[in-house]
Amino acid sequence: MVKVAKFGGSSVASAEQFKKVKNIVELDPARKLVVVSAIGKANNKDNKITDLLYLCYAHIKYNISADTIFSMIENKYLTIAEELGLTFDIQGELTKLKSELTKDIDEEYLVSRGEYLTGLLMAEYLGYYFVDAKDLIFYNYQGKIDYEKTQDAFNKLIKKHDKLLIPGFYGSLPNGEIKIMSRGGGDVTGAIIANIADAEVYENWTDVSGILMADPRIIKNPREIKVINYSELRELSYMGASVLHEEAIFPVRDKEIPIQIKNTNNPKNTGTIISDNANIIENKNIVTGIAGKKNFSIITIKKNHMANEIGLIGKVLKVFEEYHVNIEHIPSGIDSFSIVVETNAIKPFIHELVAKIKNIIQADEINVTNEISLIATVGEKMKNSLGLSARLFGSLGNAGVNIALISQTNDEINIIIGVHNNDYEKTITALYNEFK
């Protein structure tokens, strides 16, 4: 039995946090594969190592000394090593890295050193075998994980060492160059390791006790989501509600490996289990979560007899494609349809965009409504719940919220509504109180 335990930046932000990680790992012998992020913020005034490394690169690029910033990085690692009584020559590694800080240094290599150095310290502290991620996580030149090569490397390692410590966030290309993932990519590393190890569970340790039903900045002490499936998580993640990198789902979903979000600072809390297993999700709430984002625009296009004109919507979508604008939703009627996009995506050229659409399809009228928020109510059980829509819209009516847009997916897993930005908090509060 094997578990993969991935610890985020806040979980390794200080010597005290290192001690918590060790206690957690030692509590369960199955936690044989550990993945760590770079040192995170120990408090609100602190800085993440990854941010400091990006800043170092920016200074070097513009011929500005990065010595002060690098000293902050050095101090973090040296302090943790000293407080834990570690013997690894971290100073030697830092001195080597500092000597490489020239204009020729590769940005991805430099930024990956946060995880690399954190991993070296954690490996000694746990007594685990350190594996440089460049020797385990392999990419092809298309930027996709080479699972066959990665699996082969893992199989060879696990025959010699039963406990491995792997830095997250990076791997290597076929030519050996370092390739980093998008921010939060350590979650993806953990999922890949869980996949190739056929893990029983992928534990993702962070600073919150799982995923919350609603934003705690709006709802005081929102209910924790105990169980969520992958589709629901994708919907909520897209609206910014997840504590997990959304790409971390796919490697474990393929092998039906559950993900468990756990709190390093409160390890006894069961957290959130992410799984499609019917037995696990049986006793779920009708509504799993509520999430939203502000600052969208609705572009409404009106043209008489539009329904009789073949390809009209396609012509409009082509214009948005030319401007590289991602479309969120397309509600439509008989003689009109709307395009919902992020306001910032069209702000620089909105007048030019509208004029082009009007000219191409000879639209009778085009209206643009800004300052719109999109709010998703998500739940796998919603499709089998009679009267749910009435409850949802009734709660908003009682709260005095005017709805500007309604959209629902074919699988009925979520209902998305558009409201004005100034009704955003009121809407989430009303929905939460109705379905909590």
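Is E203 buried or exposed? In this predicted model, E203 is buried, since its relative accessible area is 2%, and burial here means a value under 20%. This glutamate sits in strand β7, which runs over residues 201–206. When its neighbours within four places in sequence are set aside, the residues in contact with E203 are K3, V4, A5, K6, R31 and Q260.

From this one residue it is useful to step back to the whole chain. The protein contains 15 helices and 15 strands. Its radius of gyration is 25 Å, close to the 22 Å that the globule rule gives for 436 residues, so the protein is as compact as a globular protein of that length. Taken along the principal axes, the box filled by the C-alpha atoms is roughly 75 × 55 × 45 Å. Of the 436 residues, 51% count as buried, and the protein exposes about 20,500 Å², of which carbon and sulfur atoms supply 47%. If one considers the contacts between residues at least 6 apart in sequence, 74% of them join residues at least 24 apart. As for the charges, the protein has 49 positive and 56 negative ones, and their mean positions are 3 Å apart.

The nonpolar interior can be described next. The largest nonpolar core has 121 residues, and those with the most contacts inside it are F7, Y77, M122, L136, L165, I193 and I274. Helix α5, spanning residues 107–126, gives the largest share of this core, namely ten residues. M122 touches V12, F18, V21, V36 and L165, when residues up to four places away in sequence are not counted. Apart from this core lies another one, of 21 residues, among which are M306, V316, V341 and A363.

A363 offers a way into that second core, of which it is one of the members. The residue is found in the loop between α13 (350–361) and β13 (365–378), and at 9% relative accessibility it counts as buried. Leaving out residues up to four places away in sequence, A363 touches I301, K302, K303 and K358. Between A363 and V319, which are 44 residues apart in sequence, the C-alpha to C-alpha distance is 14 Å.

Two further leucines can be followed in the same manner. L94 is found in helix α4, which covers residues 90–99, and its relative accessible area of 0% makes it buried. Beyond its neighbours within four places in sequence, L94 is in contact with F70, E74, Y77, L78 and L117; of these, Y77 is also listed among the residues with the most contacts inside the largest nonpolar core. The C-alpha atoms of L94 and Q408, which are 314 residues apart along the chain, are separated by 53 Å.

L164, for its part, lies in strand β4 and likewise counts as buried, at 0% relative accessibility. Its contacts, again leaving aside neighbours within four places in sequence, are with K32, L33, V34, Y128, Y129, V131, F154, L157 and I158. Measured in sequence, L164 and I257 are 93 residues apart, and their C-alpha atoms are separated by 19 Å.

The backbone also deserves attention at two positions. Most residues other than glycine have a negative phi. N63, however, has a positive phi of about 60 degrees although it is not a glycine, and F169 likewise has a positive value, near 85 degrees, without being a glycine. N63 is placed in the loop between α2 (49–61) and α3 (67–84), whereas F169 lies in the loop between β4 (164–167) and β5 (170–172). Where do these two residues stand with respect to solvent accessibility, buried or exposed? N63 counts as exposed, at 62% relative accessibility, which is over the 50% that the term requires, while F169 is buried, with a relative accessible area of 3%.

Conventions: Residues numbered from 1 in each chain as written. Predicted model: local features only at pLDDT ≥ 70, side-chain atom pairs only at ≥ 80, totals over all residues. Heavy atoms only, no water. Helix = DSSP H or I, 4+ residues; strand = E, 2+ residues; numbered from the N terminus. Rg over C-alpha atoms; globule rule 2.2 N^0.38 Å. Buried < 20%, exposed > 50% of the residue type's maximum accessible area, 1.4 Å probe, protein only. Contact = heavy atoms within 4.5 Å. Areas by Shrake-Rupley, 256 points an atom, 1.4 Å probe, with all protein chains shown as cover. Lys, Arg positive; Asp, Glu negative; His and termini not counted. Charge placed at Lys NZ, Arg CZ, Asp CG, Glu CD. Core = buried A, V, L, I, M, F, W, Y, C linked by side-chain atoms within 4.5 Å.
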